[in-house]
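Hi,

Here is the structure I promised to pass on to you. Have a look at it first, then read my notes underneath.

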Amino acid sequence: MAALTSKDEPRTAEYAGDEVSAIVLDPGYASTRAGFAGEDAPKSIVPSNYAFYQDACLFGDHVIDVPRDNVEIRNPYSRDGIVEDWDTAEKLWKYSFASKLTGIRPNKALQEWLNDVNAVPNLQKAMADAEDTERALEDHPLFMSEPNWNPIKNREKAIEIALEKWAAPAFYISKSSVLSAFSMGKSTALVIDIGASQLSVAAVHDGMILRKSITRSHLGGNYISSQIRSMLATHDPPITINPHYMVKAKQPVDAGQPANAILKTFDQFKQPPQTSYHRYQEEKTILEFKEVCLQTWASGTSFRGQGEAIAREQYAHPFEFPDGYNQTFSSDRFKIVETLFDAQCHSPSPAGSLDAQYYPAPEQNQTIPGLVKLCINQCDVDLRPMLLASVVITGSASLIKGLPDRIQGELTRMYPSTKVRVNAAGMPVERKFGSWIGGSIVASLGTFHQMWISKKEYEEHGASIVEKRCK
Amino acid sequence: MASTRDIHDIMGMGGGPVQKPTNKKKKKVVEAQPRLSGISREVQALMGDSVPPVQIVEPPKYKSKPSLANKLYKPRHWQEIPFKPGARSDGLSLTHWKRALPSHRPLQLNGDVEMVDGIQPSLKPEYQFEEEFPMDKWAVAVRVPDYTDEQYERHFKADDWTREETDYLVKLASEYDLRWIVIADRYDPQEIQSAQIGGEALEVAKNYSSRTMEQLKLRYYQVAAQDLELRTPKASMNPTEFALYEKMRSFDAKTETLRKAMAEKLFERTKDEAEEERTLLEELHRITKNEEEFIAMRRDLYARLEAAPSLRRNERGEEQNIVLSSAGLSELLSRLFAKEKHLKRRAPAPGDSNSTAQQQSADGRSRANTSLSRRDTMDTATEPSKKGSVSQQIVPKQLTQAEEERYGVSHPNERLTSGVSFRHEKINRVTTAKSQVQTQKINAALTELEIPARLSMPTEKVCKEFERLVSQIQLLLDARRTLARVSEEVKTLEEMRRQRLGLPPLAEQNASGEAMDVDKTAPAPGQVGRNSTTETLQSGSLGGQTVNGVDGGPGPAVDEDDEDAEGEDDVEASNLEKTQNDEEDEADNTGLNDDSMAQRDEGDEDENAEEEDEEDDDDDDVGVEDEDEDDDEGNAALMRGVDNDDGEDEGEHDVDDDDVEDEDEEEEAVPLHEEGDEEEEEEQQRERGFARHQTEDEATDADNDDDTQNVTMDDVEPEENDPDAEDDDEDVADNRPTSAGSRGHKRGASVISDASGAGSNRSGAGRKRRR
C-alpha cells in the first residue's frame with residue numbers, strides 16, 4: 001500500500017463514523033457515565049456513590065436516596081479519583097451499562113434448552129455456560145476513560161475485567177483529558193478539568209497527553225463543598241443543613257429567621273442512617289447552593305479587599321434551605337470560588353472535622369492559575385502558544401457562573417505575549433460529560449478499529465498490552 | 001396589423017377555416033368543470049353539472065406523508081453484519097449496521113409465505129451491501145532506521161549515546177510517529193533499564209541521563225541520516241531523499257536550543273512589551289493595508305507638483321482654477337500666486353531699467369540676499385513689513401539642540417529654495433554633474449558602492465553624508481582625468497621631442513594600451529583645430545555680449561574657462577581655421593533637419609528684434625534660477641513633445657537657458673584623453689546592463705570629442721542646474737546619429753524647443769550661441 005502523506009485528504013465518506021456499537025464508559029468520582037459510542041450524551045448516568053445496606057450494594061440514583069436502617073453511603077474511589085474497591089467498582093460499572101444499555105443478557109440455558117430437553121448436552125457444562133452467557137458485553141467493545149494519573153495497575157485491572165469478566169470483544173482505555181480535548185474538537189489543547197475530587201490541568205498534544213505536564217490538586221467540586229460547609233458553619237448564626245429527607249413539614253419564614261419546620265424522626269429503624277448517608281444528602285443541598293449562588297468574581301479589581309466590599313453591597317443573592325430557612329449571601333458566594341484562584345481566600349474548616357482533614361488549605365500553586373503555570377512550564381516552548389490558544393475547560397464544577405471568563409482573564413493576564421483562548425462548551429451536558437463525549441466520538445470512528453485491543457491480543461500478551469497500546 | 005383573416009377578406013376567400021376551431025375551443029374551456037380529483041370519472045359523470053354542496057374529497061396536500069399502505073415508501077433493509085477491520089492481523093471481528101444497496105431488491109415472494117411447522121421458509125431474501133470501506137489505508141507507520149549489531153558498531157556509534165539508549169529512542173520514535181514533543185515527554189531513562197534483562201543492567205542504568213528534545217532529535221537524525229545513506233548511497237538519492245538527508249545532516253542542536261531560549265524569552269514578555277509589540281504590529285498591518293493607497297496618493301502629489309508649473313506655462317488663464325482644485329496644496333498655491341504676481345509686476349516694465357538694474361545688482365551681490373528678497377515678495381507681496389511679526393508668531397518656541405535634531409530643524413547656510421521641496425531632489429541635483437559623462441561616472445561609482453540613486457531615507461544626516469560622498473567622488477574623478485591628461489601631454493611632448501630629434505617612434509609607446517587608444521581615436525589635428533575655433537569664437541561672442549558686459553558674477557568664470565581653452569589650443573599648436581567651416585556644418589544640418597531649422601530661424605528673427613529684453617531676461621534668470629527650475633522642467637516636458645525624445649533624463653534634470661551656455665562650454669572642454677578611460681568604464685557599465693544608455697552616451701561622446709579640444713575643466717563650478725544641455729545633445733544625436741559635429745544645430749534644436757514653449761523671450765541663449 002502506498003504510504004500516505006500529510007497532503008492526502010480523506011474523502012467525505014472517510015470522515016464518517018463506522019459504529020461498531022461500542023460502549024463508552026466514563027467512570028468518575030461523582031458519577032459513572034455510560035452510553036453507546038456515536039451518541040451525543042451518555043444514556044446512563046449513575047452516581048458513583050452506592051448504598052451499602054444489609055451487606056448488599058445498591059446502585060442507582062433513587063435507590064440510594066431512600067433512608068434505610070443503618071444504611072451507609074460508600075464510594076469505590078479514593079479521593080484521588082482512582083479506584084480503590086475493585087469489586088464494587090466492577091459492579092458499579094456493570095450496573096451503569098447493563099441496567100439501561102445492554103440489559104442482562106438472556107441465559108442461553110433458559111432460552112434454548114428450556115423447552116427441549118434433548119438439546120441439553122451436559123448439565124454441568126450447561127450450568128457453566130449459562131453463567132458464562134451472562135457476561136454483559138459479549139457484543140460490545142468497551143471504550144473506557146481513566147484519570148490522567150491512573151496507575152498502570154489500574155489500567156491492567158480494567159482490561160482484565162472488561163475482557164475476561166464481561167467478555168467484551170475488544171477494549172481500549174484513554175485519558176480523560178485527551179477525550180475532553182477531542183470533545184471540543186481539539187487534538188492539541190490545555191485541558192482544565194474541574195471534577196468532583198480533583199482539579200487537573202494537562203497538556204494534550206496531537207491526541208496524546210504529555211505525562212510530565214499532568215498537574216492536579218484537590219481543589220475540585222468536593223473542596224468547594226467543604227468550603228461551603230465551613231462558610232455555613234462560621235456564618236452568624238451558624239447554619240445547619242437539614243436535607244430534604246429529614247424535613248417532614250415546613251412553614252415559610254422571613255429571611256434570616258430560624259426555620260419553622262418539623263423534622264422526621266427515624267425511630268422505626270433500629271439504627272438511623274449513618275453519617276455518610278446524611279452527609280450525602282447534605283451534599284445534595286450544597287449542590288443546589290452551588291448551582292444557585294456560587295459566582296466567580298469577574299470584575300477587573302482583585303477580589304480580596306476592594307472586591308469583597310463591593311460584592312457585599314451589590315451582589316446579594318437569597319437561598320432557601322430545605323427546612324425553610326433562608327438567607328441572602330453576598331461576598332461569601334464569591335469568596336468560595338475565589339479560592340480556586342487565590343489560595344488566601346481559603347476559609348479553614350472546623351478543626352478536627354473530616355473536611356479539615358481531607359481539604360487542607362491549598363498552596364498558591366494548587367490553584368487554577370498555579371496549576372496552569374506548572375503545566376505550561378513543563379511543556380516545550382514551541383508548544384506553549386498552541387496550548388494557550390486552545391484551553392479546554394470541562395468538568396461539572398466548571399459550571400459555576402462566570403468561571404470560564406475568569407480563567408480567560410487570568411490566563412490572559414499571566415501570558416500577555418500570546419493569544420489565550422478558552423473553550424468551554426456552552427451546554428451544561430457537554431461540559432459535564434466532556435470526556436464521555438470525546439470517547440463517544442473516538443470510539444465511533446472507522447479509523448479507530450485498528451486501535452482496539454482485541455481479546456486475542458490480550459490473551460497473547462497479557463494485561464501489559466494495555467500500556468503498550470493505549471499510550 | 002393585417003391578420004390572415006384580413007388577407008382572406010381582401011382576396012375574397014371568406015373567413016377561412018382557421019377561425020372556427022378557436023371559437024369552439026373557447027366554448028369548451030368555459031364549460032369545462034373543475035375536475036375533482038380522487039373521484040373516478042364515472043362517479044363524476046353521475047353528478048352531472050351540479051357541484052356537490054359539501055367537499056367530498058380532501059384536496060391533495062402538497063407533500064404527502066409516506067405511508068406503507070400506499071406503498072409510497074419502502075423501507076430500505078438494514079442489517080447488522082460482522083466484518084474484519086482491514087488494518088488488524090488478529091482477526092478481530094466487529095459488527096456494524098449496513099444498509100442494503102437499493103438496486104438489489106430481495107427476491108420477491110408473491111403473497112404471504114406459508115409457515116410450515118418446523119421448517120423455515122427456505123427462500124431467504126438476499127441483499128447486497130457496499131464493500132467495506134478500506135479504513136486500513138489510514139493505518140500508516142513511520143519508517144525508522146533499523147540496524148544490526150554489526151552495523152551499529154560500524155556506522156551508528158556515538159560517544160555520548162549507548163546502544164541501549166539509541167534503541168530506546170528509535171523505538172519511541174516509531175511508537176509516537178516522530179512526534180518529538182511527545183517523545184521528549186515520554187523519554188524516560190528509567191524505562192531503558194526495564195528493557196534490559198538481568199540485574200547487571202540495573203547498575204548500568206544509573207548512568208542513563210535524561211535528554212532534552214534537541215539531544216534526542218540530534219541523535220535520531222544522525223542515525224536516520226546514516227541509515228538513509230547506507231540504504232541509498234548519496235549519489236543515487238532522489239531529490240526528496242537528498243533534501244531529507246541534507247536536512248537531517250544539518251540539524252544544529254545548538255541553534256535549536258538557542259532558538260528555544262529566545263522563544264522562551266519572547267513568551268515571557270511582560271504585558272507592556274507585549275502591548276507595544278501588538279500596537280506596532282497593528283500599525284504595520286495598517287500601513288501594509290494602506291500601502292497602495294499611500295503610493296497612489298504620493299504619486300498623485302508628485303504629479304501635481306510637477307504638472308502645475310507646466311500648466312502655468314501652457315494656459316495662463318486657467319492655471320488658478322486648476323491649482324485650486326488640488327486641495328491641501330496650499331503651499332504650492334501660494335507659491336504660484338507669488339510667482340504670478342511677480343510675473344505680472346515684471347511684465348509691464350521691460351524698459352524699466354531701474355528695477356531690472358536693481359535686481360541685477362542684487363543678483364550680483366549675493367545669492368542669499370536674492371533668495372531672501374524673493375521670499376519677501378512671495379510671502380507678503382503686498383505688505384512686506386508684516387513679515388517679521390508673522391514669522392515670530394510661527395516660531396514662538398526656542399528649540400534645544402536635541403529637539404532640533406529630532407524634528408530635523410536646520411539652519412542652512414546655502415540659500416533656501418522657496419516653496420516645498422523634497423530632500424531627495426536636492427540630492428539628485430548633487431549627483432548630476434556638469435556633464436552627462438561625469439554624471440554617469442558618479443552614478444556608476446554610487447552603484448559600485450551599492451548606494452541607490454534615490455536615497456530611501458533622506459534624513460538630514462544622510463543627505464549631508466551623501467553630499468560629502470558625491471563631492472569626494474567628483475574630486476577623485478577629476479583627479480583621474482587630470483592625471484590622464486597630464487600623462488597624455490607628457491607622451492605627446494615626448495613624441496614631439498622624439499620627432500624633433502629624428503628618432504623613430506619607439507615600441508615603448510605601444511606599451512600602454514591607453515595611449516594607443518587615445519591615439520587612435522584622437523581626431524585629426526585639422527578637425528580639432530576647426531572645432532576649437534568655433535568654440536573660441538562662440539565663447540568670445542558670449543563673453544563680449546552677455547557675460548562680461550552685464551554680469552559680474554558667473555561671467556568671469558566662464559570667461560576664464562574659455563581663455564583656458566584658448567590657451568591650451570595654443571599649446572596644442574593646432575592650426576586655427578575659419579568659422580566658415582562651422583557654418584558649413586550648420587548648413588548641412590539644416591539640410592538634415594528642416595523643421596527645426598525653420599523654427600529656429602523664426603526664433604532668431606524674434607530675438608533679433610528684442611535683443612535688449614532678452615539680455616534682461618537672461619540675467620533675471622540667472623538670479624531666479626531656482627524659481628525657474630519648475631519652468632525649466634516644464635520646458636523639458638515640452639521639449640519632449642517637440643523633439644519626440646525619450647525624456648527620462650530631462651524630466652529629472654533642469655534646464656536653464658543660461659546654463660546651457662556655460663554648460664556647453666564646459667562640456668565641450670572635456671579633455672580628449674578622457675576617451676580612453678571612458679571607453680573602459682563604459683564597457684564595464686554595459687556589462688552591468690546599462691547597454692542602451694551607454695551606447696547613446698558613447699555616440700554623444702564621440703560627438704563631443706570630435707568637437708573638443710584638449711581643454712582643462714579645472715574649475716568645477718558649483719552650479720546646481722548644470723546638466724541638461726548634454727541631454728539635449730544626446731537626444732538630438734539619437735535622432736540623427738549620422739551628424740557628427742553638428743553642435744550648432746543641436747543647440748538650436750533644444751533652444752528652439754525652449755523657445756516654442758516659453759515664448760520668444762527665453763531663447764536668447766541659443767541664438768547668441770549660434771552666432
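Below is what turned up, mostly about where the two chains meet.

One thing to keep in mind: this is a predicted model.

Let's start with the contact between chain A and chain B. Chain A puts 48 residues into it, and chain B puts in 40 residues. People often describe how big an interface is by the accessible area lost when the parts come together. Here, about 3,700 Å² is buried between chain A and chain B, and carbon and sulfur atoms give 60% of that.

What about charges and polar groups? Six salt bridges turn up across the interface of chain A and chain B. One to find on your screen is the pair E457(A) and R88(B), whose side chains meet with 2.7 Å from N to O. Counting polar contacts between the two chains gives 17 residue pairs, with both residues at pLDDT 80 or more.

Which elements of chain A supply at least two residues each to the side that touches chain B? They are α1 (12–15), β11 (208–209), α13 (384–389), β19 (453–454) and α17 (455–461). The largest share, three residues, comes from α13(A). Taken as a whole, that side of chain A divides into 22 nonpolar, 10 polar and 16 charged residues.

Last, a stretch of chain B. An unreviewed UniProt entry annotates residues 264–291 of chain B as "coiled-coil region". In the model, that span is 89% helix and 0% strand, and its end C-alpha atoms lie 33 Å apart.

Have fun looking around!

Definitions and conventions:
Residues are numbered from 1 along each chain as its sequence is written. Chains are lettered from A and ligands numbered from 1 in the order in which they are written. This is a predicted model: local features need pLDDT of at least 70, side-chain atom pairs count only at pLDDT 80 or more; totals for chains, interfaces and linings use all residues. Side-chain values use heavy atoms; hydrogens and water are left out. Contact means heavy atoms within 4.5 Å. Buried area is the accessible area (1.4 Å probe) that two parts lose on being put together, summed over both. A salt bridge is a side-chain nitrogen of Lys or Arg within 4 Å of a carboxyl oxygen of Asp or Glu. A polar contact is a pair of N or O atoms within 3.5 Å; within protein, one must be able to donate a hydrogen and the other to accept it, and residues adjacent in sequence count only if both atoms are side-chain atoms. Helices (H or I, at least four residues) and strands (E, at least two) are DSSP runs, numbered from the N terminus. Ala, Val, Leu, Ile, Met, Phe, Trp, Tyr, Cys and Pro count as nonpolar, Asp, Glu, Lys and Arg as charged, and the others, Gly among them, as polar. UniProt positions are given in the numbering used here, feature names are shortened, and annotations may be inferred rather than shown by experiment.
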